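User: Please take a close look at the interface in this entry and walk me through it, residue by residue where you can. I would also like some background on the partners.

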Amino acid sequence: MSLLTQKRLTIGDWINYFLLLLIALTFLLPFLYVISISLSDPKTFIPLEFRLIPAKLSLASYHYLLSTDSFLNSLKSTVFITVVGTVLNVVITFSMAYGLTKKTMPGRNFILTLVVFTMVFNAGIVPNYLLVKDMGLLDSYWALILTALTNAWSLIVVKSFMESLPPELADAAKIDGCTDIGVFIRIIIPLSMPAVAAFTLFFAVAHWNSYFNALIYLSDPSKWTLQLLVKTLVIDSDSTGVGQIAGTDQTALPQETLRMASVVLALLPILVVYPFLQKYFVKGVMLGSIKG
Amino acid sequence: MILRLLQEGGVHTLNQDFNQPMAAAPPLPRVQKGRLQHLWKQVLIHRYFYLLVLPGLLYFILFKLVPMWGLLIAFQNYSPFQGIWGSTWIGLKNFHDLFTYAHFYNLLRNTLIINLLNILLYFPVPILLAIMLNEVRHEAFKRVTQSIVYLPHFLSWVVVAGLTYFLLSTDVGVLNKILHSFGLQQVSFLSNSKLFWLMITLQSMWKDAGWGTIIFLAAIAGVNPSLYESAVVDGASRFRQIWHITLPAIRHVIVILLILRVGSIMDVGFEQILLMLNPLVMNVGEVFDVYAYTQGILNGQISVGVAVGLFKSVIGVLMVLGANWLSKKAGNEGIF
């Protein structure tokens, strides 16, 4: 009898598979439902009628959302913040992490202590807000980018990843006359590509999803990011649980399909890239525990 | 939570660095130079490293250290027009007001209950899920399930809150549509203060429990398969294998994560709570950060907002240090 390779499923296995299937469904169904209803044809959509699949399919809600200035603007600003923010995140985090791998650098311990300290203690919401206000960054996208340039956790994970790289290559490059910055760009970064990929994703997702910073730093509705706009569309229209907006006006598009379409647009980029990039996300998490 | 464990992993290596003597400097030349001169030479040698560190360091100083200056406001009757220099000092009055304010205990209660529920109900789920996933023998089934349960971790709280509305709200919620189709009275789940804590816990579970399995799956993957083989030879059932091999293998990780979780008991998923709050559940949902935000930023009570934030941060640090001490006491490596 082959002990571990046996494929015969016991009753316990069946129960386990069945439970996992149920769990997977509770994770999948909300997406499928929201995507399905957001595709409803406005003319045949009946509020308060329960169905899983629309009577008639149509992209009307998406057409409408993507034709409004407020939605397009928020999309543009979110893309801007995500792209610029992520590039700066990666550049600053990786260069700082590499700098901190140099154990002989005077002041290194002080900087590391400072970094760890910020992980444990932070000034709180209001002092951070006052700083951004005093810098004149309110209602500027730079407030969102600059306040999240890097973070202690990413730095420490990237640093310990770089410390696990074989030092011989960097030494050889230095002997060949490379400067320390040359070593960083030509040797360390190419060797760190798995970490670069993982952290690019982490940073990009964080920027795309950022809500609270946008809420406090951007008060001008014309500057809103996608998450702020979606929150207003989806939640504020029914914040007391007694909203009665849906579909009272037959000439307009039903609010409900619009609200769902806006949620779908906010999660779509992640849903689209996720299956292809999942392994990098997982790898990113594993990076941290390599040495620990 | 996972982040915490990773910090643990990362900081562990960092700890070793702290213990190393600072200067493994090249031997000094014949002439005995002054310490300052030697230091200057070291700085010059490392000039490119400073250049690499500089932008990040500036960030930490400007956006992490400088705001701490603003904590002084907690001891002032702050007026934005007079600034920190011009505002009057009132000592601990803001804190006195905070502690004598009946509302304060509401904030404390909500914070603690939401966290305790999280520890009791949420914490075991990733462990259980990891064990269940580990028992799956079909790689494809396992991979697909993993992909699906990790996914919500990458959604924003706005999207998760939105999905919750589409499930529970009175106007667009699926549950109410079903009730309606049976001709039943609609229920406003989202403004029911009795359900709020449970809903927050379930929401956290949905979003992060799947992602939380990674760390346990990694620990389980490190178990030597021969242990299971000999257990089978000894006639151990699957349950006994889980109990005697799998669980002990991840016990260490569980203890560390639990201690860290207790250490962050002052932290509540703030974006999450803020998104789910409405006037009807305010009394059960308001936590320290929400209060700091509404008072300090929305209502212009800046000193109150800063004081609440400072109180929370100080207790938070004490809890983390306490948890770290406990972790060392329990025979684990500390985080610092």
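Analyst: Happy to help! Contact here means heavy atoms within 4.5 Å. This is a predicted model, in which local features need pLDDT of at least 70 and side-chain atom pairs count only at pLDDT 80 or more, while totals for chains, interfaces and linings use all residues. Residues are numbered from 1 along each chain, chains are lettered from A and ligands numbered from 1, in the order written, and side-chain values use heavy atoms, without hydrogens and water.

Let's begin with the interface as a whole. Chain A brings 114 residues to the contact, and chain B brings 110 residues. Between chain A and chain B, about 10600 Å² is buried (accessible area lost on joining, 1.4 Å probe, summed over both parts), and carbon and sulfur atoms give 76% of that area. On the side of chain A, Phe27(A), Leu48(A) and Pro106(A) supply 7% of the area that this chain buries against chain B, more than any other three residues.

Now to one helix pair that spans the two chains. Helix H5 of chain A (residues 125–134) and helix H3 of chain B (residues 47–69) have axes that come within 9 Å and cross at roughly 115°. Helices are DSSP runs of H or I with at least four residues, strands runs of E with at least two; axes are fitted to C-alpha atoms over the stretch in contact, with angles from 0 to 180 degrees between N-to-C directions. From H5(A), the residues taking part are Pro127(A), Asn128(A) and Leu131(A), and they meet Leu62(B), Phe63(B), Val66(B) and Pro67(B) of H3(B). Sorted by class, this contact of H5(A) with H3(B) holds six nonpolar residues, one polar residue and no charged ones. (Asp, Glu, Lys and Arg count as charged, Ala, Val, Leu, Ile, Met, Phe, Trp, Tyr, Cys and Pro as nonpolar, the others as polar.)

Charged side chains do appear elsewhere between the chains. The count there is two salt bridges (Lys or Arg side-chain nitrogen within 4 Å of an Asp or Glu carboxyl oxygen) between chain A and chain B, while the structure holds nine over all chains.

Asp13(A) pairs with Arg238(B), and the closest N and O atoms of this salt bridge are 2.8 Å apart. This pair crosses between chains, running from helix H1 of chain A (residues 11–38), where Asp13(A) sits, to helix H13 of chain B (residues 238–263), which holds Arg238(B). Asp13(A) counts as buried because its relative accessibility is 2%, under the 20% limit (exposed is over 50%, partly exposed in between; 1.4 Å probe, protein chains only). Arg238(B) has 22% relative accessibility, so this residue counts as partly exposed. The pair also belongs to a network of salt bridges that links Asp13(A), Glu135(B) and Arg238(B).

Lys177(B) forms a salt bridge with Glu256(A), and here the closest N and O atoms are 2.5 Å apart.

For comparison, here are two salt bridges inside chain A. Glu163(A) and Arg108(A) join through their side chains, at 3.8 Å from N to O. Distant parts of the chain are linked by this pair, with Glu163(A) in helix H7 (residues 152–163) and Arg108(A) in helix H4 (residues 108–120) of chain A, 55 residues apart. Glu163(A) is buried because its relative accessible area is 18%, and Arg108(A) is buried because its value is 1%. In the other bridge, Lys174(A) and Asp180(A) have their closest N and O atoms 2.7 Å apart. Lys174(A) counts as partly exposed because its relative accessibility is 43%, whereas Asp180(A), with a relative accessible area of 5%, is buried.

One backbone detail may catch your eye too. Asp139(A) lies in the loop between H5 and helix H6 (141–146) of chain A. Its phi is near 65°, a positive value in a residue other than glycine. Asp139(A) has 24% relative accessibility, so this residue counts as partly exposed.

Finally, the partners themselves. Chain A has 13 helices and zero strands, and 50% of its 292 residues are buried. Among its contacts between residues at least 6 apart in sequence, 73% join residues at least 24 apart. Chain B has 17 helices and two strands, and 52% of its 336 residues count as buried. Of the contacts in chain B with a separation of 6 or more, 67% come from residues 24 or more positions apart.

Definitions and conventions. Buried area is the accessible area (1.4 Å probe) that two parts lose on being put together, summed over both.
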